[in-house]
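Welcome! Have the model open beside you and try each exercise before you read its solution.

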Amino acid sequence: MTTAHEVLHDVFGYSAFRAGQEEIIQSLISGSNLLAVMPTGAGKSLCYQIPAIISERLTVVVSPLVALMDDQVQALQANGVGVVAIHSGAAREDNVVKWQKVARGECKLLYLSPERLMTPRMLSALEALNPALFVVDEAHCISKWGASFRPEYEQLSRLREAFSGATIAAFTATADKATRADIATKLFRGDGRIIVHGFDRPNLRLSVANKVTWKDQLMAFLADKKGQPGIVYCLSRKFTDEVAIYLMGEGLNAIPYHAGQSAEQRKTNQDRFMSEDGVIMVATIAFGMGIDKSDIRFVCHLNLPGSLEAYYQEIGRAGRDGEPAETMLLYGLSDTALRRQFIEQEDSGDDHKRREHKRLDALLAYCEASSCRRVSLLAYFDEASQPCGNCDNCLTPVKLLDGTQQAQMVLSTVIQTGQFFGTAHIIDVLRGAETQKVLERRHHDLPTHGIGKEHSKQYWQNFIRQVMAGGCLIANIQKFGGLEITARGRSVLSGDEPFMFREISKAKPAPVTPKKGGGPELSEDTAARLSDLKKLRLTIARERKVAAYIIFPDSTLIEMAQHRPQTLTDMATINGVGPKKLQEFGAQFLKVTAR
Ligand code: ADP
Ligand code: ZN
């Protein structure tokens, strides 16, 4: 029997397994069910593709998105593996032809959407083929505990009974403890292993900043990233267009992407991002799930993501090739209020809402963290770690000040006004404003009216945000965001507990200092060769209508540029050059490296 290592080398052209891969592969080969939780970019696909290639019998992969399936299929085909995806995005006749290939035993893997798999017809047709392995990708979608439950996934819990002779493997990048247990119960009644692997992505630099003037902050962030591909995430379609237009006006190669565009427009934009060099995709979260581009150098959030899970998945799209990549999250109070509103408007039970509010609280605490961000992020996923040295707080430690007195000023203003008003009004009272609302309610007669005069509105906004993140105040959504004091708030108010906060600079927000990052250091000569290799890759990718990284990932081209293989034998030693790709592209790339 071929070994996993041989397949890794002979089919994929890689020399070594990444952390966790071998254990999962061996486990699947020996036939035990498992749930593997690994971050985006860790290399989950290989974990089931290798057992699938080794097995004599069929492997069925369940995947939620057509784009995701097509991408995997192209990548496997480029390595000479027999594989098809049957889905609603393809013509009926095509699907029939594909099924015939599967039925003749010409495919190692069959990709299906959950709803297609679970039809009685498909189930009985598959039964005849006796599949060895069922793989459920994005397995968190089966759990109501998770953030992205999909009803069509629920059906998959019937797989266990329907195919008692098959192994079941589930993969996800995002699942907390409760969700993991739920997935394992639903998919294989708990009869299997749960393997959680390294959430840490040390090559991603983590930064979070208070959003004040997004244009300046975004431009500062992009200053040292000219010509690099990246994603800027926005919440609304309108804002997405606005940001893209702004960046284009600044001479950058930006394109918008959101669900308001036609399918055709979206496809064109996505293709440009995948195959052109250095495109900035300005997108809503509609973009990204099916994207498998490994050389994305940065992700910037201009609005607050939905949860830490979503945030982690979104920033996880950067730096999948393992090279340095930067992330930046800009957030403001209005985003928080909007998120709370979304949760309230959802058509779901109180329990669900409470959980979602808690999720948001965790995200806010991360944003306000004054020590290592990675430690707090990984802790959320149950992984202990040490300060990372590659986040904003590690690189520029924050100064904490005693803000007990100021917090007391805020808290008593909230109480004196009846725990009824939002931040804006509280700040008006603190600063001694005489707005109509203040005068009507006679709030200018309160003892706290004007006690916070010496600070600007922005200062107080920032401060109150920290008071909220510190768990002293909450915004009551039922009362339209009116601030209410918590138990911790009462204890700060009575002086039992101090309140520490991050120093707020009086000047404009310090622009994010452009730091060195992104991409390895290359000599001029090597860089020129790399650029030629990329051009060649783009030409081939366009001819074949696939994304550039399907031909070769960046890491492979960099290795080629550095090692300059002179013969096909040399070329075969480059990481990522398997026999199939060597045969198809080797000679062309050799022309550049041996020049
Ligand atoms: P995930 O599904 O976990 O997000 P992928 O399976 O898409 O990640 O893998 C991310 C990238 O890493 C892909 O380009 C893949 O080819 C590459 N990769 C996976 N395993 C290895 C390995 N052992 N050596 C080198 N590259 C690998
Ligand atoms: Zn850190």
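The exercises below go from the ligand to the strands and then to two single residues.

Before you start, note that this is a predicted model, in which local features need pLDDT of at least 70, side-chain atom pairs count only at pLDDT 80 or more, and totals for chains, interfaces and linings use all residues. Residues are numbered from 1 along each chain as its sequence is written, chains are lettered from A and ligands numbered from 1 in the order in which they are written, and side-chain values use heavy atoms, with hydrogens and water left out.

**Exercise 1. Describe the surroundings of ligand 1.**

Step 1: Find the neighbours, meaning residues with a heavy atom within 4 Å of the ligand. There are 15 residues around ligand 1, and Tyr14, Ala16, Gly41, Lys44 and Ser45 come nearest.

Step 2: Sort the shell by class. You should get six nonpolar, five polar and four charged residues. Here Ala, Val, Leu, Ile, Met, Phe, Trp, Tyr, Cys and Pro count as nonpolar, Asp, Glu, Lys and Arg as charged, and the others, Gly among them, as polar.

Step 3: Look at N and O atoms. The side chain of Tyr14 has an N or O atom 2.8 Å from an oxygen atom of ligand 1. For Ala16, a backbone N or O atom is 2.9 Å from a nitrogen atom of the ligand.

**Exercise 2. Work out how strand S10 (residues 254–257) is covered and paired.**

Step 1: Check both faces. Ala254 and Pro256 on one side, and Ile255 and Tyr257 on the other, are all buried, that is, under 20% relative accessible area (1.4 Å probe, protein chains only).

Step 2: Find the partner strand. S10 and S11 (residues 280–283) run parallel and are joined by four bridges; DSSP must find at least two bridges for strands to pair. Ala254 has Ile280 as its bridge partner in S11.

**Exercise 3. Is Ser491 buried or exposed, and which side chain does it contact?**

Step 1: Locate Ser491 in helix H23 (residues 487–493).

Step 2: Ser491 counts as buried because its relative accessibility is 16%.

Step 3: The side chain of Ser491 makes a contact of 2.6 Å with that of Glu497.

**Exercise 4. Place Met248 and find how far its C-alpha atom is from that of Ile280.**

Step 1: Met248 belongs to helix H12 (residues 237–249).

Step 2: The C-alpha atoms of Met248 and Ile280 are separated by 9.7 Å, with the residues 32 apart along the chain.

Definitions and conventions. Polar contact = N/O pair within 3.5 Å; in protein donor to acceptor, adjacent residues only side chain to side chain. Buried < 20%, exposed > 50% of the residue type's maximum accessible area, 1.4 Å probe, protein only. Helix = DSSP H or I, 4+ residues; strand = E, 2+ residues; numbered from the N terminus.
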